[in-house]
Amino acid sequence: MSADSTTTAPAQPGTDASGASPGGRHLGLALFVIAAAQLMVILDATITNIALPAIQTDLGVTDANLAWIVNSYALAFGGLMLLGGKAGDLFGRRRIFQAGIAVFTLASLLGGLAPNEGLLIGARILQGVGAALAAPNALALITTTFPAGRSRNTAMGVYAAMGGVGATVGLLLGGVLTDALDWRWVFFINIPIGLVVLAGTRSLVEAERHPGRLDVPGAITGTGGLIALVYGITRGGEHGWTDGLTLASFTTAAVLLTVFLVIQSRAADPMMPLRLFNDRNRSGSYATMLFVGSGMFAMFYFLTLYMQLILGFSAVKTGFAFLPFSVGMAAAAGISSKLITHLAPRLIAGPGLMVAAGGMFWFATLEPDSSYAGHLMPAMFVTALGLGMSFVPMTLGAVSGVDHQDTGMASALLNTAQQIGGALGLAVLSTISTSAANDQLPEAASAFFRGLATKDFPLVAKAGEALTHGYTMAFVASGVMFLGGLAVMFLAVNSGRQQHAEGAAPLHMG
């Protein structure tokens, strides 16, 4: 599909189509629109985690399929983010941004109304599509709407802050909505936000369109291959690795991902330019982020289940219990952003990943009666400090040395690596967790909920021990994944100290 060549004259950055700078009131509205959109997209990555136990109980979701409520969003978001950015280049960033917000809002309505797990997972996929269209274009619209200087710097700062704020607000708001109303409101809350954002998009200045083609075959084969791979991992853990459908899923994934790489190497306008992997430091940063995303997604997922199912925390209490993670991440990111001009990236991210792995191994010592203050909270803070130390060096490593026109693509690839790594890692770790729990007690999760329903408290206690054992095995594997990222970092990343790269996009954490 080719872009329309009869487009309007390009607007200069910070001006509207007529070349006039928008007034301060319009800039304020534009900043609100972009910040609200970013908050909504990031918030949705964590707000659903807190509601998972309630969703599982209400819809009767199996342990194996519960991870798909997280993974379906991450796969669609990560797998299509590059396509969303390219679509903005071709057809107008404001237009694609509007389409993304509209799709996301509609999907949120469908998710809130979903009567079963299949339709909920479908709605989550559609949410990921909307996020993939909106997120990369929201960042680009800052450069076209806000004049260079203080105005644009302020907008960039607010946009970046929404990454951390969104993750924290999502955890807290998810708890409040789930406890006070119903888990469905973690989806319904997006509807008024989305409608307000759509109403304010006229304040955004459209960007110049570029000629080219949309890499639809690349998007279909790449995202389809990832979904088949994750499904194969999930099904293999539940039905056995020699199961016919499991083997078919792995075969499909291998074929689709191979075709994807062939398409990317031959396409005139590839979704993922392979030239971005020519630099070992950049490739190392992407590979490291795959490992880091795997472990971090698992931490949120399994800690949420442990706190609510085993410790009996309410959804609100669980949301507040995650606050030390946000504090630790923010503190460590601030420290590492200052150290990066004095030390090589791997000398900051490497120790950070070692600390994060130590935090995960600390989680692996959890018992059914472990205390929050003496065990969970310090382990969470340590893990957050380690991850916070690693994100800034990896972000800068991903965009260092790229041509100016590739900076946005290089940064988006790091976000993509985090989302895809998280989805793949969660599929592997949920399989490990379920298998370990079922080894101690067959169908441990079902036994736990059956015990609760019949007030068979000895069964609840026995199943709780089995589930806790499964969670701790997942934490061990998460720690190993962080160490895998550490190994990649030291083998592949050898760049020296660097200055902050202009145009680096913040990561979608959580």
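These are my notebook entries on what I looked up in this structure.

**Entry 1: the model as a whole**

I started with where the coordinates come from: this is a predicted model. I then checked the confidence, and the mean pLDDT of the chain is 81, with 85% of its residues at 70 or more. Which helices mark the two ends of the confidence range? The lowest confidence is in helix α5, residues 150-180, with a mean of 72. The highest is in helix α3, residues 93-113, at 92.

I also looked for stretches to treat with care. Residues 1-24 stay under 50 in pLDDT, though the model gives them 38 contacts beyond four places in sequence. Residues 499-503 are below 50 as well, and that stretch has nine contacts beyond near neighbours in sequence. My note to self: where pLDDT is low, the predicted coordinates should not be read in detail.

**Entry 2: what the chain is built from**

I looked up the secondary structure and found 17 helices and zero strands. The chain has 510 residues, and 57% of them are buried. Then I asked how the contacts spread along the sequence. Taking contacts between residues at least 6 apart in sequence, 83% join residues at least 24 apart.

**Entry 3: α2 against α10**

Next I went through some helix pairs. Helix α2 covers residues 63-91 and helix α10 covers residues 280-310. Their axes are 12 Å apart and they pack at an angle of about 140°. Why do I call this pair oblique? The cut-off for roughly antiparallel is over 145 degrees, and the angle here is about 140°, so α2 and α10 count as oblique to each other. The crossing of α2 past α10 is right-handed.

I listed the residues that touch. From α2 they are D63, L66, A67, V70 and A74, and from α10 they are F297, Y301 and L305. Sorted by class, this contact has seven nonpolar residues, no polar ones and one charged.

**Entry 4: α10 against α13**

I stayed with α10 and turned to helix α13, residues 345-363. The two axes come within 12 Å and cross at roughly 30°. That angle makes α10 and α13 roughly parallel to each other. The crossing of α10 past α13 is left-handed.

On the α10 side I wrote down T288, V292, G295, M299 and L303, and on the α13 side L353, M360 and F363. By class, the contact of α10 with α13 has six nonpolar residues, two polar and no charged.

**Entry 5: α13 against α17**

I followed α13 on to α17. Their axes are 8 Å apart, and the packing angle is about 170°. This makes α13 roughly antiparallel to α17.

The residue list here runs long, so I noted just some of it. From α13 the list includes R346, A349, G350 and L353, and from α17 it includes T472, F475, V476 and S478. L353, M360 and F363 of α13 are in this list, and they also touch α10. The contact of α13 with α17 divides into 16 nonpolar, five polar and one charged residues.

**Entry 6: two buried residues**

I picked V33 in helix α1, residues 24-59. Is V33 buried or exposed? Its relative accessible area is 0%, so V33 is buried. Leaving aside neighbours within four places in sequence, V33 is in contact with F97, V197, G200, T201, S203 and L204. I checked L204 further: it is 171 residues from V33 in sequence, but the C-alpha atoms are 8.4 Å apart.

Then I looked at K86, which is in helix α2. With a relative accessible area of 16%, K86 counts as buried, because the cut-off is under 20%. Beyond four places in sequence, K86 is in contact with R213, L214 and D269.

**Entry 7: two residues with positive phi**

Last, I went looking for unusual backbone angles. Most residues other than glycine have a negative phi. E443 has a positive phi, near 50°, and is not a glycine. Where does E443 sit? E443 is in the loop between α15 (407-440) and α16 (444-454). Its relative accessibility is 51%, so E443 counts as exposed.

K455 also has a positive phi, about 60°, without being a glycine. K455 lies in the loop between α16 and α17 (457-492). With 60% relative accessibility, K455 counts as exposed.

How values were computed
Residues are numbered from 1 along each chain as its sequence is written. This is a predicted model: local features need pLDDT of at least 70, side-chain atom pairs count only at pLDDT 80 or more; totals for chains, interfaces and linings use all residues. Side-chain values use heavy atoms; hydrogens and water are left out. Axes are lines fitted to C-alpha atoms, for helices over the stretch in contact, and angles run from 0 to 180 degrees between N-to-C directions. Helices (H or I, at least four residues) and strands (E, at least two) are DSSP runs, numbered from the N terminus. Angles under 35 degrees count as roughly parallel, over 145 as roughly antiparallel, 65 to 115 as roughly perpendicular and the rest as oblique. A crossing is left-handed if the near helix is turned anticlockwise from the far one by less than a right angle, and right-handed if clockwise. Contact means heavy atoms within 4.5 Å. Ala, Val, Leu, Ile, Met, Phe, Trp, Tyr, Cys and Pro count as nonpolar, Asp, Glu, Lys and Arg as charged, and the others, Gly among them, as polar. pLDDT is the predictor's confidence in each residue, from 0 to 100. Buried means under 20% relative accessible area, exposed over 50%, partly exposed in between (1.4 Å probe, protein chains only).
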